Amino acid sequence: MFDTMLSRPQNLFDQLESLQRLLTRAAGVEGAPGGIRSVAYGAFPEINVGRTQNSVEVFAFAPGIDGSSLDVTIERNVLKISGTRASAIPRGDTQVQLYANERPQGRFSRAVSLPDDVDPLKVEAKYRDGILRVSIALSATAQPQRISVQ
Amino acid sequence: MAERTELTTTKAPDSNEHPTSPAVDIFEDAGGITLLADMPGVAKDRLDVKLDGDTLSVEGRVELQGLADMRALWAEVNVPRFRRTFTLSRELDASRIEANLKDGVLTLRVPKHAHAQPRRIEVKSA
């Protein structure tokens, strides 16, 4: 099940919690239907999406990355975040003993469908403390408009 | 990856749940042990690295700005707290721990006591 024991949390309860999260999310238990394109286990970076009055905010939890090397694109209302995270583990050094290798490394890419009422031309992306925050303004025509009655 | 995340409503983040365990890389060389922990969203003033005897604990809070009127649409990170503890073995010199936090990655370096470093013992021929 685990490719190597080094890449999964050692603590028994953490392992149970990881398994539980995987199963409940994929199987659509806990109220919310599982997405038809369910996220594979270990997806990096993890993503939160929220909605304010004027914008949609996407938070990608991607620590330890050079912000300028992140590739953020929007195409047909799909936000795609890609990049590479280098491994911090010294390779090829026979003196080094590895005990845990849980942090995802290598190439990553995640795509999020944005709601229909966003304006893809009004996007701002900021990377701080390991979180990439992408703010997409809502389209002006999507805002409620007051129509005066003559 | 060809997969795409479709937004569906899910429960909002609950800060009363027990903290998430951050993913770590741990490796040892001749001089000591290095630990890296993923704690995205944790700034220096929200990070707590504590040593209690031989137990090292790492704790951090995630602070996201401007959330007052935000409604959650999708949350894979539900708990804004990280916490993990480790037991340090005796040959590590806990008093000389170095900690560094950059872009949400905590790097800890715990050197070994000078007397515990590997030494080559010279064999003299009689």
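Strands, sheets and cores in a predicted two-chain model

User: What makes β7(B) and β8(B) a hairpin in this predicted model?
Analyst: Two residues lie between β7(B) and β8(B). One residue of the turn, Asp103(B), has a positive phi of about 50 degrees.

User: How do you know that β7(B), residues 98–102, pairs with β8(B)?
Analyst: Two strands pair if DSSP finds at least two bridges between them. β7(B) and β8(B) have five bridges, in the antiparallel sense, so by that cut-off they pair. Within this pairing, Asn100(B) has Thr107(B) of β8(B) as its bridge partner.

User: Which bridges support the pairing of β2(B) with β8(B)?
Analyst: Strand β2 of chain B, residues 32–38, and strand β8 of chain B, residues 105–111, share seven bridges and are antiparallel. Opposite Gly32(B) stands Pro111(B) in β8(B). The cut-off is at least two bridges, so the pair qualifies.

User: What joins β1(B) to β2(B)?
Analyst: Six bridges in the antiparallel sense join β1(B), residues 24–29, to β2(B). Val24(B), for instance, has Ala37(B) in β2(B) as its bridge partner.

User: Why are β5(A) and β7(B) called edge strands?
Analyst: The open sheet has five strands, in the order β5(A)-β1(B)-β2(B)-β8(B)-β7(B), with antiparallel pairing. β5(A), residues 97–101, and β7(B) each have a single partner strand, so one side of each has no neighbour in the sheet. The average twist from one strand to the next is 10 degrees.

User: What is the strand order in the sheet that holds β7(A), and which strands are at its edges?
Analyst: This open sheet of five strands runs β7(A)-β8(A)-β2(A)-β1(A)-β5(B), again with antiparallel pairing. β7(A) and β5(B) are the edge strands, each pairing on one side only. Ignoring direction, neighbouring strands here are turned against each other by 20 degrees on average.

User: How do you know that β5(B) belongs with β1(A)?
Analyst: DSSP must find at least two bridges for a pair. β1(A) and β5(B) have four, in the antiparallel sense, so the condition is met. One named bridge links Val49(A) to Trp74(B) in β5(B).

User: What makes the largest nonpolar core a core, and which residues have the most contacts inside it?
Analyst: A core residue must be nonpolar and buried, and joined to the set through C-beta atoms within 7 Å. The largest such set has 21 residues, and those with the most contacts inside it are Ile47(A), Val49(A), Val58(A), Ala60(A) and Leu132(A). Both chains contribute: β1, β2, β4, β7 and β8 of chain A and β5 of chain B each supply at least two residues. β2(A) gives the most, with five residues.

User: Which residues does Val58(A) touch?
Analyst: Leaving aside residues up to four places away in sequence, Val58(A) touches Ile47(A), Val49(A), Leu79(A), Val112(A) and Val134(A). A second core, separate from the one above, has 20 residues, among them Ile33(B), Val58(B), Val62(B) and Phe82(B).

User: What share of chain A is called buried?
Analyst: Buried residues are 25% of the 150 residues in chain A. The label requires 20 or more other C-beta atoms within 10 Å of the residue's own.

User: How many helices and strands does chain A have, and in what order do they come?
Analyst: Chain A has one helix and eight strands. From the N terminus on, the order is α-β-β-β-β-β-β-β-β. Of the contacts in chain A with a separation of 6 or more, 51% are between residues 24 or more positions apart.

How values were computed: Residues are numbered from 1 along each chain as its sequence is written. Chains are lettered from A and ligands numbered from 1 in the order in which they are written. This is a predicted model: local features need pLDDT of at least 70, side-chain atom pairs count only at pLDDT 80 or more; totals for chains, interfaces and linings use all residues. A residue is buried if 20 or more other C-beta atoms lie within 10 Å of its own, exposed if 12 or fewer, and partly exposed in between; C-beta atoms are placed from the backbone. Two residues are in contact if their C-beta atoms, placed from the backbone, lie within 7 Å. Axes are lines fitted to C-alpha atoms, for helices over the stretch in contact, and angles run from 0 to 180 degrees between N-to-C directions.
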